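Welcome! Let us take a friendly walk through this structure, one region at a time.

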Amino acid sequence: IVDGSFGEGGVMRAPLIGDIDVSGGSLSGTIESDEAESIDIGGDGTDTAEITVVRGAGKVNFDGGFDGVMDLGWVSGNLDVDTTLGATADIMIRHDAKSVAFGGTDAGSMVTTGGYVDTATIGGTHGGVLGTKMGLGSVRLEAVDGGVVTAGLDSGSLSVRGASVDGLYA
């Protein structure tokens, strides 16, 4: 358990991570592991934040926004960023994810998966890219302004609650 911010230049490497809790602070450093049960950040992930979990993660949560890089094998639980993915955010999930949820996505942000995503939710404006190779079960978007959603193969439903301006859905 880490209390406070995990600063730029800070590195945590471990083959197996149980729980990381950065309460009340941000992540600017690097977390690397083969597997992680829970990564919970009480603030933002800055543009220097890097998370690499080779095999997979149970849960990844940011109470703030995220502008860094994530490379995850799979996500068996939830990947949540409560506020916005910034323009430099790059999230890659190499296999399946149960649930991904973001408060919004800025133009330039990327979320890609090599597998299937059961549920994707963007609670604010979607301006980035959300792409899956094997499909999406359901996608719920609050509003779209230049955002892209691409879903390969076996996909279910897409709903946009508010306005959709210059969005691309494929």
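## A pair of rings

Keep in mind as you look around that this is a predicted model. A good place to begin is with the aromatic rings, where the structure holds 1 aromatic pair. Phe 62 and Phe 66 make up this pair, with ring centres 5.0 Å apart and planes at 55 degrees to each other, so the pair counts as tilted, the class between the cut-offs of 30 and 60 degrees. Both Phe 62 and Phe 66 are buried.

## The nonpolar core

Where do these two rings belong? Phe 62 and Phe 66 are part of the largest nonpolar core, which has 38 residues. Together with Ile 51, Met 70, Leu 79, Ile 91 and Phe 102, they touch the most other members of that core. Strand 4 gives the most to this core, with 5 residues.

Met 70 is worth a stop of its own. This residue lies in strand 5, which spans residues 69-72, and Met 70 is buried because its relative accessible area is just 1%, where buried means under 20%. Leaving aside residues up to four places away in sequence, Met 70 touches Ile 51, Val 60, Phe 62, Leu 79, Asp 90, Ile 91 and Met 92. Ile 91 has its own list of contacts on the same basis, including Phe 66, Leu 79, Leu 85, Phe 102 and Met 110.

## Strands side by side

Next, follow the strands. Strand 2 (residues 11-23) and strand 3 (residues 30-41) run parallel, joined by 10 bridges. Within this pairing, Asp 21 has Asp 40 in strand 3 as its bridge partner. Strand 3 is also joined by 10 bridges to strand 4 (residues 50-62), again in parallel, and here Glu 35 is partnered with Gly 56 of strand 4.

Further along the chain, strand 9 runs parallel to strand 11 (residues 129-132), with 4 bridges between them. Val 111 stands opposite Leu 130 of strand 11. Strand 11 in turn pairs with strand 13 (residues 148-151) in the parallel sense, over 4 bridges, and Leu 130 finds its bridge partner there in Val 149.

## Salt bridges

How many salt bridges are there? The count comes to 4. One of them joins the side chains of Glu 32 and Arg 13, at 2.6 Å from N to O. Because Glu 32 lies in strand 3 and Arg 13 in strand 2, this pair ties together parts that are 19 residues apart in sequence. Glu 32 is partly exposed, at 26% relative accessible area, whereas Arg 13 is exposed, at 62%.

Glu 35 and Arg 55 also meet in a salt bridge, at 2.9 Å from N to O. Glu 35 belongs to strand 3 and Arg 55 to strand 4, so the link spans parts 20 residues apart in sequence. Both are partly exposed: Glu 35 has 27% relative accessibility and Arg 55 has 43%. The side chains of Arg 94 and Asp 71 form another salt bridge, at 2.8 Å.

## A buried serine in a loop

Our last stop is Ser 109, in the loop between strand 8 (97-105) and strand 9 (110-113). Is Ser 109 buried or exposed? Ser 109 is buried, with a relative accessible area of 1%. The side chain of Ser 109 reaches the backbone oxygen of Asp 106 at 2.7 Å. Beyond residues up to four places away in sequence, Ser 109 touches Leu 85, Gly 86, Ala 87, Ala 89, Gly 128 and Val 129.

Conventions
Residues are numbered from 1 along each chain as its sequence is written. This is a predicted model: local features need pLDDT of at least 70, side-chain atom pairs count only at pLDDT 80 or more; totals for chains, interfaces and linings use all residues. Side-chain values use heavy atoms; hydrogens and water are left out. Rings of Phe, Tyr and Trp (its six-membered ring) pair if their centres lie within 6.5 Å; planes under 30 degrees apart count as stacked, over 60 as edge-to-face and the rest as tilted. Buried means under 20% relative accessible area, exposed over 50%, partly exposed in between (1.4 Å probe, protein chains only). Helices (H or I, at least four residues) and strands (E, at least two) are DSSP runs, numbered from the N terminus. Contact means heavy atoms within 4.5 Å. Two strands pair if DSSP finds at least two bridges between them. A nonpolar core is a set of buried Ala, Val, Leu, Ile, Met, Phe, Trp, Tyr and Cys residues joined through side-chain atoms within 4.5 Å. A polar contact is a pair of N or O atoms within 3.5 Å; within protein, one must be able to donate a hydrogen and the other to accept it, and residues adjacent in sequence count only if both atoms are side-chain atoms.
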